[in-house]
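The following paragraphs lead the reader through a structure, beginning with one local feature and then turning to the chains and the way in which they meet. The sequence and the structure should be kept in view throughout.

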Amino acid sequence: MKAISKRIRAWSLVSLGAVVTMLVMSLAVPFFTAPVMADEATKAATEAAPKVEMAKDIYFKTEGPVSGNPAPELKATDYPSYNLPYPLSENRILIWSIAQQHLYFGSFVLAVPIFCMIIELVGLLTKDPVMSKKYDDLAHLLVKISLTAYSVTAILGGLLLFSFITLYPDFFKYISSLFRPVMHIYALLFLAESGTLYLYYYGWDRMTHGFAKWVHACMGVLLNVFGSVLMMLANSWASFMMSPAGVDEKGRYLGNIWAILHNALWNPLNVHRIIGNMVFGGGIVAAYAAYKFLAAKTLEEKAYYDWMGYIAMFMAVGSLIPLPFAGYWLMREVYGFRQQMGITLMGGLLAWLFIIQAVLIGALFFSTNYYLFNGMERMRGAEKYQKYIKYILFLTTAAFLVWLTPHTLVMRPAELKAIGGQQHPVIGNFGVMSAKNGAVNTMIMTTIISFLLYQRSNKIVVVKWEAWGNAALMAMFTVALVNNWWLAIYGYFIPANVRVGLSVPQVIGTLTTLFIGSAINIAMMRGSKLTGPIEWGKISVRSQYALFSLAVSFTWLMALMGYIRSSVRLFWHVMEVFRDNSPWAFTHTIGFAANMMSVNVMAFWLFVLFVFWLGELTSKHAVAEARKEAARPAMAGGSE
Amino acid sequence: MKTVIAFAVMLVVWFAYFQAEDWLFMKIQGLDYFFLFH
């Protein structure tokens, strides 16, 4: 036994060493490539010493030696396309579909390891051995689901790369000339991530106890480091196209790779996408659990998948709460970079799509609250809180209506007349950002209230300070909501720069209710009496459809916002630097774009069902094997 | 009665807390929370 544990310990250390080497290797690449890039710059400078050309960075406004070619000026004939029927005759439609599918799967395989890392750690820290094993098995199952998705992501990535090279050769040549070392680091990191993922998955049953298990958990952390850095590098290409930096006004590279990478929208996009990935991944896993719940034959299976759906939903909603704040920051930076771009998005050509976004975000919050209200059915004693549901629903609905009220729309004369002008005389006032901030913070706070009530549903509070605790919670939410509405109204009476600043105390106020509310609630439940255990599996079928609604709404939302982010560049490949002169460099109608998004969503879910079905095949095989093994008569005199 | 008193006290406490929070996070941004009241 001792020899085995020694071997496992050595094996764990070798695995960890391999992973750390991969990490160091990929991080060392910039130190090798930076001198190369610098050498080229100095070579260019010394060879033509008397006439080295300096140019000004388009964004950072610093001087730098011109080290690259200008962005090409293309003609319509420079875009080789297939002679397919419309709309496939447009290259961008092909790129749009492939990129969207690649992003969906990439997002999923980045989010799942985050959950695995958290759930495995929760399992490690849980003292109850049965629950600890349950968490660990769930994390293992999640990696298994993501393994197939990982291959699909890589295949779609390859397809996207070939599509760029063949359909947009000049564009790709220009972009890859700027991001050359970044693209190599990306490929190496991909190798490191694959290696870590395989070690993580196949080492799961080997590294089950003590030191080896902690090494395994550390590999989960490293897997996420690789995944996050990978995503950030890829984000820099998309954000460079929106907000170029590190080049001059002709698009010539100025010798500083960090300036290109660290452009204006890079970090807001990084933060928004990491959080968005987690909501998306949680939604997919919750949908998987709902699908298994609905197909389950026994109460035991129902209980397991109900619990799994709850955990996934908990993760998704935990990320959904800060997501609007990250989105607000991203849009704030878009306005900061180029005001006209912000206006095109929210007050011009693409404004209708932002209204659709508001409806979908409302659907996410409604689905979440509906699931939590239904989840109370699992607990005896929840009846005392169910009377508050109607008030929570009323507040959420009122906030939702303010949230989706449009400000400026492109309208026909008859519509203008019916509304009474460009803005409705009364509810037109809700069309501004000050009102939206008040509304979204209200929706987030009502969701937090639902969550706190859900936590208390099967408990009887016994602490002596119960009256003060309840008063503190009720007063906190009352004052926080009123304060939030006050800030929203105050914004109408002050100049824009002060008004935009008010969004920060609004966010902080909402986060205060989340953290202090949870802390008071947990403190109050110390030593509480249970009215009964949570009866997993005893939940309405409707609640599972709420999980589907959550997942599909979010998939739609990603398609919608991805389109908005790309199409805001209008007729530029790289904003104001590299013009798109393809025959199809016009903006699609909103109807066409919406249909494309829906086709992409449908295609993705068919893909996902295929992945689920594959997972089903292996688990059925395992179950059949286990049953066969159990049915085998024990050998007389055998060791059993 | 105890509940009503507790709730009233807490309302005052939280009102002061949130107003201070609003002022502080505007101050951090270099903005004046009481812009309209000068």
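**A guided reading of the model**

Leu570(A) lies in the loop of chain A that runs between α20 (541-567) and β5 (572-574). The model is a predicted one, and in it the phi angle of Leu570(A) is near 55°, a positive value in a residue other than glycine. Leu570(A) has 15 C-beta neighbours inside 10 Å and therefore counts as partly exposed. Beyond β5 comes another such case: Glu576(A), placed in the loop between β5 and β6 (578-579) of chain A. Its phi is near 65°, again a positive value in a residue other than glycine. Because Glu576(A) has 14 C-beta neighbours inside 10 Å, it counts as partly exposed.

Another backbone feature of chain A is found in the loop between β2 (63-65) and α2 (91-125), where Pro87(A) is located. The peptide bond joining Tyr86(A) and Pro87(A) is cis, with omega at about 5°.

These details belong to a chain whose secondary structure comes to 21 helices and 6 strands. Chain A has 640 residues, of which 42% count as buried. Among its contacts between residues at least 6 apart in sequence, 82% join residues at least 24 apart. One of the helices, α8(A), covers residues 266-295; at 1.5 Å a residue its 30 residues should span 44 Å, and the end C-alpha atoms, 43 Å apart, agree with this. Helix α8(A) is mostly covered, since 25 of its 30 residues are buried.

Chain B has a secondary structure of 1 helix and 0 strands. Of its 38 residues, 21% count as buried. How many residues of chain B are in contact with chain A? The contact involves 18 residues of chain B and 21 residues of chain A. On the side of chain B that touches chain A, 12 residues are nonpolar, 2 are polar and 4 are charged.

Helix α17 of chain A, residues 466-490, is one of the elements that meet chain B: its axis and that of α1(B) come within 7 Å and cross at roughly 40°. The angle makes α17(A) oblique to α1(B), because it falls outside the range under 35 degrees that counts as roughly parallel. The crossing of these two helices is right-handed. From α17(A), the contact draws on Ala467(A), Trp468(A), Ala471(A), Ala472(A), Met474(A), Ala475(A), Met476(A), Thr478(A), Val479(A), Ala480(A), Asn483(A) and Leu487(A); from α1(B), it draws on Lys2(B), Thr3(B), Ala6(B), Phe7(B), Met10(B), Leu11(B), Trp14(B), Phe15(B), Phe18(B) and Asp22(B). By class, the residues of this contact comprise 17 nonpolar, 3 polar and 2 charged.

Helix α17(A) can also be considered in its own right. With 25 residues at 1.5 Å each, it should span 36 Å, and its end C-alpha atoms are 35 Å apart, in agreement with that value. Its buried residues are Ala471(A), Ala472(A), Leu473(A), Ala475(A), Met476(A), Val479(A), Ala480(A), Leu481(A), Asn483(A), Asn484(A), Leu487(A) and Ala488(A). Their cover includes α16 (433-456) and α19 of chain A, together with α1 of chain B.

Ala471(A), a residue of helix α17, illustrates this arrangement. Why does Ala471(A) count as buried? There are 22 other C-beta atoms within 10 Å of Ala471(A), and 20 or more suffice for a residue to be buried. With its neighbours within four places in sequence left aside, Ala471(A) is in contact with Thr3(B), Ala6(B), Phe7(B) and Met10(B).

Helix α19 of chain A, residues 503-524, likewise meets helix α1 of chain B, residues 2-28; the two axes come within 9 Å and cross at roughly 135°. This makes α19(A) oblique to α1(B), because only angles over 145 degrees count as roughly antiparallel and those from 65 to 115 as roughly perpendicular. In passing α1(B), α19(A) forms a right-handed crossing. Val504(A), Pro505(A), Ile508(A), Gly509(A) and Thr512(A) supply the contact from α19(A), while Phe18(B), Glu21(B), Asp22(B), Phe25(B) and Met26(B) supply it from α1(B). These residues divide into 6 nonpolar, 2 polar and 2 charged.

Terms used: Residues numbered from 1 in each chain as written. Chains lettered and ligands numbered in written order. Predicted model: local features only at pLDDT ≥ 70, side-chain atom pairs only at ≥ 80, totals over all residues. Axes fitted to C-alpha atoms, helices over the stretch in contact; angles between N-to-C directions. Helix = DSSP H or I, 4+ residues; strand = E, 2+ residues; numbered from the N terminus. Left-handed = near helix turned anticlockwise from the far one by under 90°. Contact = placed C-beta atoms within 7 Å. Nonpolar A, V, L, I, M, F, W, Y, C, P; charged D, E, K, R; others polar. Buried ≥ 20, exposed ≤ 12 C-beta atoms within 10 Å, placed from the backbone. Expected span 1.5 Å × (residues − 1).
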